Amino acid sequence: MGDLLTIDGPAGVDMVMLRSDVVRAPTEYGAVLLHTDDGRYWTLNPSGDLVLRVMLDGGDVAAAVRELCATREVDPQVARRDVEGLLAQLADVGLIEPPSETSRPSEASRSPEVEAGCPGYHVNRSEARW
């Protein structure tokens with residue numbers, strides 16, 4: 001998935017928004033996203049829903065990574081890659097509004113350890129999964 005979608009632009013926060021025809025419903029095991037125009041739905045596990053909630057509340061990718069690191073045992077680089085991958089998937093299937101070109105940071109400004117604020121992380125765990 002890589003760097004297909006990054007929502008932490010120069011101003012610091014560039015909110016992710018669900019498309020107007022998408023409804024999020026929390027569930028016991030995460031959330032369901034319903035595309036009301038065609039009736040298709042997608043499920044998010046608790047980690048995926050956590051990321052989406054942070055982003056919908058105005059957080060950026062770094063905030064979502066920090067929240068994942070604070071609540072799950074995950075490496076900041078893995079968390080960042082997974083957050084960006086989830087956002088790319090949500091955009092690809094038309095569930096979130098695409099970002100503007102100006103909201104993509106330069107590659108040099110993206111240090112997952114610094115942006116994530118996950119100092120002292122030493123746990124070796126497998127990747128977070130949505």
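1. In this predicted model, strands β2 and β3 make up a hairpin, and five residues lie between the two strands. Within the turn, G39 adopts a positive phi of about 80 degrees.

2. The pairing behind this hairpin can be followed residue by residue. Strand β2 covers residues 30-35 and is joined to β3 by four bridges, the two strands running antiparallel. Among the pairs, L34 has Y41 of β3 as its bridge partner, and L33 is matched with W42 of β3. As a general point, side chains in a regular strand alternate between the two faces of the sheet.

3. The hairpin belongs to an open sheet of three strands, arranged in the order β1-β2-β3 with antiparallel pairing. Which strands form the edges? They are β1 (22-27) and β3 (41-44), each of which pairs on one side only. From one strand to the next, the twist averages 20 degrees.

4. Attention may now turn to helix α1, which spans residues 46-56. At its start, a side-chain oxygen of N45 comes to within 3.0 Å of the backbone nitrogen of S47. Just after the helix, G58 has a positive phi of about 100 degrees.

5. Is α1 mostly covered or mostly open to the surroundings? The helix is mostly covered, with eight of its 11 residues buried. The buried residues are S47, G48, D49, L50, V51, L52, V54 and M55. As to their surroundings, the buried residues of α1 pack against the strands β1, β2 and β3 and also against the helices α2 (61-71) and α3 (76-92).

6. The packing of α1 with α3 can be described in further detail. In general, two packed helices are described by the angle between their axes and the distance between the axes. Here the axes of α1 and α3 come within 11 Å and cross at roughly 80 degrees. Because angles of 65 to 115 degrees count as roughly perpendicular, α1 is roughly perpendicular to α3.

7. Which residues make the contact between these two helices? On the side of α1 they are G48, V51, L52 and M55, and on the side of α3 they are V83, L86, L87 and L90. By character, the residues of this contact comprise seven nonpolar, one polar and no charged. The four contributors from α1, namely G48, V51, L52 and M55, also appear among the buried residues of that helix.

Terms used:
Residues numbered from 1 in each chain as written. Predicted model: local features only at pLDDT ≥ 70, side-chain atom pairs only at ≥ 80, totals over all residues. Heavy atoms only, no water. Pairing = 2+ DSSP bridges. Axes fitted to C-alpha atoms, helices over the stretch in contact; angles between N-to-C directions. Buried < 20%, exposed > 50% of the residue type's maximum accessible area, 1.4 Å probe, protein only. Contact = heavy atoms within 4.5 Å. Polar contact = N/O pair within 3.5 Å; in protein donor to acceptor, adjacent residues only side chain to side chain. Parallel < 35°, antiparallel > 145°, perpendicular 65-115°, else oblique. Nonpolar A, V, L, I, M, F, W, Y, C, P; charged D, E, K, R; others polar.
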